[in-house]
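Here are my notes on the two-chain model you sent round. They run as numbered points, to be read beside the coordinates.

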Amino acid sequence: MIEINELTKRYEDGVLALDHVTYKVEQGEIFCLLGANGAGKTTTINILLDFIPPTSGHAFINSHDCNKFPLEAKKYVSYVSENVQLYGMFMARQNLAFFAELAGKTGLKKKDYDDVMRTVGLPEKALRMRLKNFSKGMRQKLGIAIALLKDPPAILMDEPTSGLDPTSAHEFLAQLQRLREQGKAILMTTHDIFRAKLIADRVGIMKQGRLVAIRKKQEFKHADLEEIYMHEMQMAESA
Amino acid sequence: MLKTIIAREFLNNILNLRFMIGLVLCIVVTVACIMILAHDYRQEMKDYNARMNLQDEILDNYAKADRHRLLGMIRPQKPPERFRPLIIGILGNEDLGFFDYNPLPILFPPLDFLFIVTIIMSLLAMLFSHDAIAGERQNGTLRLVISNSISRTTILFGKFIGGTASLIIPFILSLLVGVLYISINPAIQWDSSAWVELALLTAASITFITLFYLLGLMVSTFSRYSSTSILNCLFLWVLLILVIPNVCPYISAQLCRIPSIKQTNRRDREIEMHSIEAAREYMKESVKEFKLKYGALFSEFESMKCGGIGSFFVFGRDFDPKYRKAAQQRAEADPKFKAMMDAFREEVEKARQELIRIREESDMLWKDLETKAALQTKLAKNLACISPFANFVYVARDLTGTGLRSLEYLEQTKDEYKRQVGSYADEKINDARKKNPELEEESFLDVSDRPRFVFKEESLRGKLNAILPYWGILVLFNVVFFVAAFAGFMRYDVR
């Protein structure tokens, strides 16, 4: 569903943000990208969403080249950012309706909004609340709700648990679980090794633009993922 | 998709505090300024009617059979411009003056429709659009919008249409309130052409307002932060609204230099003095010759105060009426006296021609100044076209008959009327002379059937021909700013 092929990005200032990175995220899979700041995790997402062009290589969503046919590719993907920012003067329902319409979902009924709010763990009355009164956790949940309303086969999440309190983070992981069960391909970047271990089917470890390792669930399920991560980082350093 | 973006942009703007501030400001300022200007209009109308009545009274009682004086008494009176309740015009009538002189408006000029559009609405437009892109990038909403399958072109169009629509609302609402006031005010009588002009003025104003919205949008697509965007917008606003239109006359004055009025006046006086001196010298010589040639006969002529001194004739005066008869009788009785008088008249005519010849130089001087001044004004006007402000002012003023063009038009109609009155006066005086050969210049002349000056607005077609190029430039500015905004947004880094 999500395919990264020899993807390279060098910025104008010469910084190599991605260096021939290749991997795939299949349907019903959660792929967590781990790495320090500047490792190239967000750059990958930016290229997938056509915010920036790659220097070389290709990124595909549902077999559509994200750089050549971005509008086609973006039909099959939703994006949840680290800090979901919506229109503060709008009520939650207006925000949901706006982004759903952008995703081509028109004519949604009250029941659809109530359902999605329930699914993400937000009270129905929050639909009538202005976004400026939402906490960060509530905004993240609403971000998920927007992604759910679009109902795409792939979801990109850029450090979605950052800044969430433990309860919200727990609920968020439960939500991800459900999305995986629905067959969504989820690419999530995170610093949170603990939660990555809990939810990921595979993890990719990135360092200075390179994907230094990919580990399957079986490999870290009963091991200490942090140790694996540190080991891979040291190996990459010495290489 | 476009509809969704438009609706969101529109809703987002009208929920914003700046919309409410803009709406209240527009309505308050528009209503206040229309009320004040309508009051001034009534005052000027009263003033105009008073002047008309006064002129009628004077002409009905004191019109003389003297062409020069009669033409001086029949002066075309222009009524206040019909758009006076909306726009303060350039005063086109030298007779126009308030009976109740109030110096305060000089210190604090009253606001008008042009001020509302060019200052308030243009600032409001930039306030609405400066953060349309940069602000959304800063908030993070732009990433989320662009992560959907929607083209940047659609987003930009949607923002433009939605943003402009939300901006036009305060303007249209306040204008409607003003129009309502005008339509129910019995002192203001507008015909259908005035309403058509108002509709066109509204359309031109919207073109101007969208131009500044697009300018703000363009700046926004080249800025990372709304704070830098608003600063850049203010800089451009000052440049386009205040600097360029005010600097252009100076540039034009440097490029096309003309002598000052003072210098020209001084030179004119010099020429006049020279012409008088030349005519006097000529007549002095002639008088000397006549004294030698005719002796006592010429002294007798001089004693009749006709010749007094020859220069007396040169400056447009003739025999004193009470001596004219005596001189004529003397000439009829004595052919020698008549021959001398005719010869002297010829000399006077020669001196007069010499004086006219010298004074032609003075006419040339003023004509030259007029031509150069017109050229300078035209150059300044064309230079100022690089500012949208100037183009809008030309459109608004020429359309409503409150600008430079209306002055030229007024002068043309006045000249036409003066020609008409001139022929009327000639005909009237000739008829009166035929009826009464003894008619004196001081005699009363009945001019109750004189042609009246009725100021007619220029045709809409004529006005449209004049304003379309400037309106076209405003549209061109819109296109240029949109294309620039488009180019900026296509390359815009949404991260």
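1. A definition first: helices are DSSP runs of H or I with at least four residues, numbered from the N terminus. By that count, A:Gly104 falls just after α3(A) and takes a positive phi of about 90°. Bear in mind throughout that this is a predicted model.

2. Stay with α3(A). How many of its residues are buried? The count is 10 of 11, so the helix is mostly covered, where buried means 20 or more other C-beta atoms within 10 Å. Among the buried residues are A:Phe98, A:Phe99 and A:Leu102. A:Gln94, A:Asn95 and A:Glu101 are buried as well.

3. What covers this helix? Chain A supplies α4 (110-120) and α5 (136-150), among others. Chain B takes part too: the cover includes its α1 (2-14) and α7 (141-146).

4. Now the contact between the chains. It takes 18 residues from chain A and 20 residues from chain B. On the side of chain A that touches chain B, helix α3 (residues 92-102) gives the most, with 4 residues. By class, that side of chain A has 11 nonpolar, 4 polar and 3 charged residues.

5. Next, the nonpolar cores. The largest has 153 residues. Which residues have the most contacts inside it? They are A:Ala145, A:Ile186 and B:Leu214. Helix α9 (residues 192-221) of chain B provides the largest share of this core, 13 residues. A second, separate core has 13 residues, including B:Ala279, B:Phe301, B:Phe344 and B:Val348. As background, nonpolar side chains tend to be buried together in soluble globular proteins.

6. A:Ile186 deserves its own look. Leave aside its neighbours within four places in sequence. A:Ile186 is then in contact with A:Ile30, A:Phe31, A:Ile155, A:Met157, A:Leu176, A:Leu179 and A:Arg180.

7. Chain B as a whole comes next. Its secondary structure comes to 18 helices and 0 strands. Along its principal axes, the C-alpha trace spans about 115 × 50 × 40 Å. The radius of gyration of chain B is 33 Å, whereas a compact globule of 495 residues would have one near 23 Å.

8. Last, burial and contact range in chain B. Of its 495 residues, 34% count as buried. Take the contacts in chain B between residues at least 6 apart in sequence: 87% of them join residues at least 24 apart.

How values were computed
Residues are numbered from 1 along each chain as its sequence is written. Chains are lettered from A and ligands numbered from 1 in the order in which they are written. This is a predicted model: local features need pLDDT of at least 70, side-chain atom pairs count only at pLDDT 80 or more; totals for chains, interfaces and linings use all residues. Two residues are in contact if their C-beta atoms, placed from the backbone, lie within 7 Å. Helices (H or I, at least four residues) and strands (E, at least two) are DSSP runs, numbered from the N terminus. Ala, Val, Leu, Ile, Met, Phe, Trp, Tyr, Cys and Pro count as nonpolar, Asp, Glu, Lys and Arg as charged, and the others, Gly among them, as polar. A nonpolar core is a set of buried Ala, Val, Leu, Ile, Met, Phe, Trp, Tyr and Cys residues joined through C-beta atoms within 7 Å. A residue is buried if 20 or more other C-beta atoms lie within 10 Å of its own, exposed if 12 or fewer, and partly exposed in between; C-beta atoms are placed from the backbone. The radius of gyration is taken over C-alpha atoms; the globule rule is 2.2 Å times the number of residues to the power 0.38.
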